[in-house]
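Visitor: Please put the model up. I would like to ask what stands behind each label.

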Amino acid sequence: MFLNPQSRAVLRGTPAYPIKSTMFVSTNPATGQPLATYAAHDAVALDHILDAQAVAQAGWRVTPLEDRCGALLRLADLFEARVRPLAELAALEMGKLLPEAEAEVRRCARVCRFYARVSPRWLADTPSPSETGRRLVTYAPLGVILAVMPWNFPYWQIMRAAAPLLAVGNAVAVKPAPNVLGAALALEDLVAESGLPRDLVRVLRLPEALVPRAVAHRAVAGVTLTGSVRAGAAVGAMAGANIKKAVMELGGSDPFIVLADAVLDDCCVAAETARMRVCGQACIAAKRFIVEQPLYADFGRRLAAMLAAHVPGDPFDPAATIGPLARADLLENLDRQVRRSVALGARLLAGGCRLERPGHYYAPTLLADVRPGMPAFDEELFGPVAALIAAKDAEDALALANASPYGLGGSIWTADTARGLALARRLEAGMAAVNAVPRSDFRLPFGGIKQSGYGRELGRSGLLEFANIKTIVVEDP
């Protein structure tokens, strides 16, 4: 197995405060072979780390904003200097194609630079008109923020939360998914190398049983989580019980609505990209393709051919256009969803099976004639499977799009942008796009409604989610 020197250093598995009873194992999803073993932190270690973070944050909060932004710029430089080794580690642990992993690392650099640039303006005191004295709205940090993070973007998910948190003056305690612990530890080392206080960003190797203790810890002022509905419900309840602010970015089953006047060539190219990026393992990915009847058959034929043309392979293989799923249990669940949907009447236009090769590979799949009541419609498909749904007209398409427990993103494809905008306003989602694929943008708020969560990341809204928005009134004596 190829590992560069930095990756070997990261995959060391030597905890500071281990317990023998719980171990985490990272596995190469392209081969199914183990990569590294990590011992978990116990309760004593958890308390020690969070207490140290509280001390670090006390100093960081009074560090001038200009210096905090300078630290983010140094961190951005390090991300850009380490693109290749960090990407290789993500490809090994998560199965992401190497070019996708490199793009993820570069995006981390860009988000650091973005908040370094905008924070002095967005965090400046906001004066309010007053007949006497002064009225100010100020923005101060809250403390240590627990970030419960997923595996599909092992660097980006952490940094899109951490960059604004650090700019405001908070510390970040990262509880990563166990299968990408190596990537999280590499990021922790990178932060320390940038000159930020060592305890300002720390990785917690926590078994689920210790998550309530982390949420309840006196140093933790809030929780941000990206993950499943189950995880969000559990951690959100813990935060609520402790009266702590929480942001939840959960699952999605994003609709991709194709109206009868859409440009079919553009739609199909965008649909393939929107569904297959990161092997279909993105919350904001399009999953339900709702097409008006006049284009339904042609759209299905074209998309099926595009999916069937993909070349599954090792993330390090330049010829591969799609990698493996990240874990064996994800493969099992996706196969169950497809088989159950077919049993309920869905038609297979492409794929529909595991691939007979080592690793966690699933054939790019298109299910046609999907309707409510099938897993492909009702549940999140986290893998390279697209669900094709027929709509009678635009109103029927919108009703089908909104007939979901999720509400993260969605898109509408039409030659009439005015009609597209009107429908986008009625789409039950935190983000909607007309003739574009939704994706997170540094400048704009990102998050969902319904079972896709609450609160916002990114933009100025994300910067202020974990800030104390304080009103100060000053009257002259």
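Visitor: Which residues lie nearest the centre of the second largest pocket? What makes a space a pocket?

Guide: Arg107, Phe153, Trp156, Arg277 and Arg439 lie nearest the centre, among 19 residues that line the second largest pocket. The test uses a 1 Å grid over the protein atoms alone: a pocket is an open set of points with protein on both sides within 12 Å along at least five of seven lines, whereas a cavity is a set where a 1.4 Å probe fits but cannot get out. A residue counts as lining if it has an atom within 4 Å of a point. This is a predicted model, in which local features need pLDDT of at least 70 and side-chain atom pairs count only at pLDDT 80 or more, while totals for chains, interfaces and linings use all residues. Residues are numbered from 1 along each chain as its sequence is written, and side-chain values use heavy atoms, with hydrogens and water left out.

Visitor: How much space lies in the second largest pocket, and which element gives the largest share of its lining?

Guide: The space comes to about 280 Å³. A volume here is the space filled by probe spheres set on the points, which are joined across faces, edges and corners. The largest share of the lining, four residues, is from α5; α5 (98-122) and α6 each supply at least two. Helices and strands are DSSP runs numbered from the N terminus (H or I over at least four residues for a helix, E over at least two for a strand).

Visitor: How many of these lining residues are called charged, and why?

Guide: Eight are charged, with eight nonpolar and three polar. Asp, Glu, Lys and Arg count as charged; Ala, Val, Leu, Ile, Met, Phe, Trp, Tyr, Cys and Pro as nonpolar; the others, Gly among them, as polar. Arg107, Arg277 and Arg439 from the centre of this pocket are therefore charged by that rule.

Visitor: What is the volume of the largest pocket, and what lines it?

Guide: Its volume is about 1,000 Å³. There are 38 lining residues, and Gly227, Ser228, Arg230, Ala231 and Arg327 are closest to the centre. Two or more residues each come from α8, β8, α9 (229-241) and α12 (328-343), with α9 giving the largest share, six residues. By class this lining has 23 nonpolar, eight polar and seven charged residues.

Visitor: How many cavities of 30 Å³ or more are there, and what is known of the largest?

Guide: There are four. The largest has a volume of about 110 Å³, and of its 14 lining residues Ala161, Pro164, Glu457, Gly462 and Phe466 are closest to the centre. Five of the lining residues come from α6, the largest share.

Visitor: Why is Ser440 called buried or exposed?

Guide: Buried means under 20% relative accessible area, exposed over 50%, and partly exposed in between (1.4 Å probe, protein chains only). Ser440 is at 7%, so it is buried. Ser440 sits in the loop between β17 (433-434) and β18 (449-450). Beyond residues up to four places away in sequence, Ser440 touches Arg107, Trp156, Arg160, Phe446 and Leu458; contact means heavy atoms within 4.5 Å.

Visitor: What is the verdict on His217?

Guide: His217 is at 5%, so it also counts as buried. Its place is the loop between α8 (211-216) and β8 (220-226), and among its contacts are Asp47 and Lys244.

Visitor: How many disulfides are counted, and why is Cys279 in none?

Guide: The count is zero. A disulfide needs a pair of cysteine sulfur atoms within 2.5 Å. The closest cysteine sulfur to that of Cys279 is in Cys353, 13 Å away, so no bond is possible. For Cys283, the nearest cysteine sulfur is that of Cys279, at 15 Å.

Visitor: Which class of exposure does Cys353 have, and why?

Guide: Cys353 has 36% relative accessible area, so it is partly exposed. Cys279, in contrast, is buried at 4%, and Cys283 is buried at 11%. Cys353 lies in the loop between β12 (347-350) and β13 (365-368).

Visitor: How do you know what confidence the predictor gives the chain?

Guide: The figure is pLDDT, the predictor's confidence in each residue, from 0 to 100. The mean for the protein chain is 94, and 96% of residues reach 70 or more. Over residues 1-21 the pLDDT is below 50, though this stretch has 45 contacts in the model beyond near neighbours in sequence.
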